[in-house]
Structures are given as structure tokens and as C-alpha cells.
Amino acid sequence: MNKRPGQPASQRPRPGSQSALRHHNEQLVIAMLLEQRTLSQAELARATGLSTATISNIVKALCARGMATTRPTTSSGRRAVAVSLLDSPDVAVGIDFGRSHVRLVLASPGNKLKAERFAPLPVGHLAADSIASAAVLLEEALAESGISRSRVIGAGVGIPGPIDHKTGTVIRGAILPEWVGVNIVSQLEHALAMPVLVDNDANLGALAQITWGDHRSAKDLVFLKIGSGIGAGLILNGAPYYGHTGITGEIGHSTIYDQGLVCRCGNRGCLETVASTAVMIDLLSRGEPTPLTVPGIIDRANSGDAATLRVIDDAGMAVGKAVANVANMINPEIIVVGGPLAALGEVLLAPIRRGLVRHAVPAIGHGTAVVMSSLGDRAEALGALSLALGQNPDWQR
């Protein structure tokens, strides 16, 4: 299984380890069964590209954990084993805290969604108030789906900023400065009355792409979340990559202009000072009677407003320049873009690609796919679910 981010780096399985590979392969099998409901082991082998021996071992593990069942069948006149996923009464919780929202989802093993809740939060919200809102959403979601609290095995939670996994606290650099220094794990566990795993939201967005999204077969992937802050989640050899101390993907604090604006991290000219939604809103709201919103930016871009398109183009080029450095280092097969601007589609992707091609090694720039996430603004919450499901000792991957 992928060890929880809070464990010491020395205890985490390296990307490419056998446990990470087993987890990735099992996710492929579960995804196929979710789509087709029932498949023979031979059909699973053909659909996933895995060997029949590997499929057999995965099916045995799923059956042992009560997640799947098998029965004899025939295929092309030959005896075969049909495999189906089972419904489970247990569920996990996924929670995504943002600068101005909290989203909560419930799902059972096999990634079956049971309920979803969303609530706006005031900018500058305090951790205690936001956690209280999440606790209310949880009770509403359980009531809606008719699930007893006793069936909830734990929660995964996404935070927009770096986390000290040794102490469970949010550290400097988060776009929620009111949360810095707060022991977020202990507060969440107290309020929700369950085990909690916390990770950076971009890391969870990346995890969602290989467990819920269109890229379950991707081994090397970069997820870019462009919002009030800008972060990157890394999937290397099929598993999330956390680095030595658990703080990775802080691409929003890559220097773009040496003499640029001072960033909240203390440096100058960071990517966030030129490409975040906060900067776009500031630039485009000048002279307006009321500040523009992200939906307003999207509407203006879709209507062809020249100033809006220029701001988006400049931001996309800057993002492409920053991600080119990441691509040159790890050579990912795909870069997935998410966040509140996902509805812009090619309007945002095109300048990101141009920036990537201009600043990356040619073979990498032209050979790396850049696409928009199909999960929209739910990616981080779904990734949090995957974190919780993957860490439960009864469902070890």
C-alpha cells in the first residue's frame, strides 16, 4: 500500500516499489469492474494488459477483503472465472478545504459514491469554524444516504498548502494563513470522531487522476491545480511522490521574474504572483464597480473579451514555463490541469502548451500531453477519498 504521508520518509515505499505497483494494478482491475460490472479473469487480463497470474492474485486479494466475488462461467466454450465487485456497508469520507469552500464526499470500497455535499466559506475562515462546517456536512451526507456513523472507517482531507506531517500542522506558505501552526489532524479527528489523514490538495488531485479519472493507466503524471494558489501533485511509477519531508510540488513558488512582486512565501516573482486566479481577478477588476469573480473571468473569456484573453494567455505561458522545469526533471507522460478555471479548456491549455514547448527540452515539450482534468472541482475531494480508502488496514492495497 502507499504509506500515509504522515509517516517518516524512510518508512514510505519508494515510487516503483512492489507495494506501489500492486496498488496501481489493483486500481486498474477495480476500474474495469466498475465499468463492466462482471468480467472473466481472462477478460480482465486483456483489458488491463496484466498477466493472468497477476490478475488471479489481485482477484484473490479482493475476495479475501470482501470486495469481490467469483463464480464459474464459460467464455468461448471454455471454463472461466467471472469476477464481480461487491457492495460494502462501510464508507470513507473525502473532504476538500479551499480558500472559500469545503466539499465532502462519501464512498464505499470500489470507489462507489454515496453522497456529496458542498458549502461556501468566507475568505479568511478560521480552521475551527471550517472544521465545524465539515462536521455538519458529514452528518447531512450520512442522513441522506442512510448510512450509520459506525460504518465510517475514516476520512482523507485536502488542505491548500504544505503540511508538516510529523506534527500534523499547516506550515507557512498555505493560502489559508489563518490555519498556519494549527494542528489540523488533531482538530479534525476530534470534530469528526474518526481517524483522519491529511495531505496537500494538489497531491490528492493527482491521486484522483489515477483512481477516479481518465488516467488510471498513467505511471508518470503531473497534476496542476491553478486557483488562488498554484500547486502540483506528482505521480511517479504509479504512486504519489512525497519526497524527503513530505513537501513536494510547490510549483507556485517557482521564480518566474527575479524582480517581480513579493510573494506570500517571502520570495519575489513567484508563479503565483503572475498566474493565480487572485492575480487575474485583481488585474481584470481595475476600473470595475465590483470585483470580478472566477465565473466572470470564464464568461468574459468565452465571449472573446480581449483583455481577459490576454491575462489568461500570459498566465498560461508562465505556468508552462514553470512546469517545463518539472517536465525536464521527471519526463512525465501527461500533465493534467485542474482547479476552478477548468471550464476554460483550450483557452488555458494552449498557452500552457506553448510555454512548455518553449522552455522544455524539445523532445519532452512535444512529447508530453497537456490535458484538462475530467473531474472538475471534485478532484481533490475524490483524491482524499482514495487516500482514506487506501490507508484503511482492512483494505490495504
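Entry 1: surface and overall form.
I took accessible areas from the Shrake-Rupley method with a 1.4 Å probe. On that basis I recorded about 16,800 Å² exposed by the protein, with carbon and sulfur atoms supplying 51% of this area. I note at the outset that the model is a predicted one.

I next looked up the radius of gyration. The protein has 21 Å, and a compact globule with 397 residues would have a value near 21 Å, so the two agree. Along the principal axes, I found that the C-alpha atoms fill a box of roughly 70 × 50 × 45 Å. I entered 55% as the share of the 397 residues that are buried.

Entry 2: secondary structure, contacts and charge.
I listed 13 helices and 15 strands in the protein. For contacts with a separation of 6 or more, I found that 63% are accounted for by residues 24 or more positions apart. I then turned to the charged side chains, of which 35 are positive and 32 negative. The centres of these two sets lie 8 Å apart.

Entry 3: helix H10.
How far does H10 reach from its first C-alpha to its last? I recorded 36 Å for this helix of 25 residues, spanning residues 306–330. That reach is close to the 36 Å expected at 1.5 Å a residue. I also looked up burial along H10, where the buried residues include Thr-308, Val-311, Ile-312, Ala-315 and Gly-316. Further along, Val-319, Gly-320, Val-323 and Ala-327 are among the buried residues of H10.

Entry 4: two asparagines with positive phi.
Most residues other than glycine have a negative phi. Against that background I examined Asn-331, which follows H10 and has a positive phi near 50°. I placed Asn-331 in the loop between H10 and strand E14 (334–338). Is Asn-331 buried, partly exposed or exposed? Its relative accessible area is 48%, and therefore I entered Asn-331 as partly exposed.

I made a corresponding note for Asn-237, which is not a glycine but has a positive phi of about 50°. Asn-237 is in the loop that runs between strand E12 (230–236) and strand E13 (239–240). Because its relative accessibility is 40%, Asn-237 counts as partly exposed.

Entry 5: three further residues.
I looked up Thr-293 and found it in the loop between helix H8 (277–285) and helix H9 (294–302). Thr-293 counts as partly exposed because its relative accessibility is 43%. I then took the separation of Thr-293 from Ser-75, which is 218 residues away along the chain. Their C-alpha atoms are separated by 56 Å.

Where does Ser-186 lie? I located Ser-186 in helix H5, residues 184–192. With a relative accessible area of 37%, Ser-186 is partly exposed. From C-alpha to C-alpha, Ser-186 and Ile-159 are 14 Å apart in space, with their positions 27 residues apart in sequence.

My last residue was Arg-46, which I found in helix H2 (residues 41–48). The cut-off for an exposed residue is over 50% relative accessible area. Arg-46 has 60%, so I entered this residue as exposed. I closed the entry with the pair Arg-46 and His-125, which are 79 residues apart in sequence. The C-alpha atoms of Arg-46 and His-125 are 50 Å apart in space.

Conventions. Residues are numbered from 1 along each chain as its sequence is written. This is a predicted model: local features need pLDDT of at least 70, side-chain atom pairs count only at pLDDT 80 or more; totals for chains, interfaces and linings use all residues. Side-chain values use heavy atoms; hydrogens and water are left out. Helices (H or I, at least four residues) and strands (E, at least two) are DSSP runs, numbered from the N terminus. Buried means under 20% relative accessible area, exposed over 50%, partly exposed in between (1.4 Å probe, protein chains only). The radius of gyration is taken over C-alpha atoms; the globule rule is 2.2 Å times the number of residues to the power 0.38. Contact means heavy atoms within 4.5 Å. Lys and Arg count as positive and Asp and Glu as negative; His and the chain ends are not counted. The place of a charge is taken as NZ of Lys, CZ of Arg, CG of Asp or CD of Glu. The expected span of a helix is 1.5 Å times one less than its number of residues.
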